[in-house]
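Here is a short report on the charged pairs and the open space in this protein. Have a look at the model first, then read on.

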Amino acid sequence: MSAPAAAIVAQTDPALRRRVVCALRAIGMAIYVSGDLAELAGYLAALGGGEPAPKRVLVLDEAFIYPDNYEGCARLKAAAQAPLTVVLLVEPRTRTRWDWNGVDMVLRLPLDAASIAERAESALAAP
C-alpha cells in the first residue's frame with residue numbers, strides 16, 4: 001500500500017469525483033479514491049491506528065452509502081480506527097436528519113469542487 005491518504009474520496013458521480021480529486025490534488029493533499037463501499041471499508045481497516053494516527057477526511061456522497069445513509073458513516077468511522085472526519089455531500093432535496101450518525105459536516109450540493117476541497121482541508125486543520 002502506498003502512503004496513507006489525507007483525503008479519501010467516495011462519490012458515485014464520476015464527473016464531480018474527478019473535479020474534487022483535481023481540486024484536492026491542487027492544494028497538495030494525498031488522496032485515495034474508493035470504487036465501492038466494501039473497498040472503502042477494507043481500505044480504512046487496513047490503515048489501522050498507527051502511532052500517532054494521522055487525521056484523515058472522508059468526502060462521500062449519500063448515494064455512495066445508500067441505503068445505509070444514516071448508519072454507514074458511523075460504521076466507516078469505526079473501521080478506520082483512527083481520527084476520521086466525515087464530510088457528507090447531499091442533494092438539495094434531502095432533508096437534514098438529526099440521526100446522521102458519524103457525519104461531521106453536511107454539505108448541500110450543488111457546490112463547486114474547489115469549495116468541497118476547501119471544506120475538506122479546513123476539516124483536517126480543525127483541532
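Searching the whole structure turns up two salt bridges. Keep in mind that this is a predicted model.

Let's begin with K77 and D104, whose side chains meet in a salt bridge, N to O, at 2.8 Å. This pair ties together distant parts of the chain: K77 belongs to helix α3 (residues 72–80), while D104 sits in the loop between β4 (84–90) and β5 (105–108), 27 residues apart. The other salt bridge joins E91 and R93, with 4.0 Å between the closest N and O atoms.

How accessible are the four partners? The table sets out their values.

| Residue | Relative accessible area | Class |
|---|---|---|
| K77 | 24% | partly exposed |
| D104 | 43% | partly exposed |
| E91 | 30% | partly exposed |
| R93 | 69% | exposed |

R93 counts as exposed because its 69% is over the 50% cut-off.

E91 and R93 also take part in the lining of the largest pocket, together with Q11, T12, D13, L16, D61, E62, A63, T94 and L109. By type, the lining residues comprise five charged, three polar and three nonpolar. The space in this pocket comes to about 150 Å³.

One more spot to visit is A45, which is part of helix α2 (residues 37–47). A45 is partly exposed, at 40% relative accessible area. Its C-alpha atom is separated by 5.1 Å from that of A79, although the two residues are 34 residues apart along the chain.

Note on methods. Residues numbered from 1 in each chain as written. Predicted model: local features only at pLDDT ≥ 70, side-chain atom pairs only at ≥ 80, totals over all residues. Heavy atoms only, no water. Helix = DSSP H or I, 4+ residues; strand = E, 2+ residues; numbered from the N terminus. Buried < 20%, exposed > 50% of the residue type's maximum accessible area, 1.4 Å probe, protein only. 1 Å grid on protein atoms, 1.4 Å probe; cavity = no way out; pocket = protein on both sides within 12 Å on 5 of 7 lines; lining within 4 Å. Points joined across faces, edges and corners; volume = space filled by probe spheres on them. Nonpolar A, V, L, I, M, F, W, Y, C, P; charged D, E, K, R; others polar.
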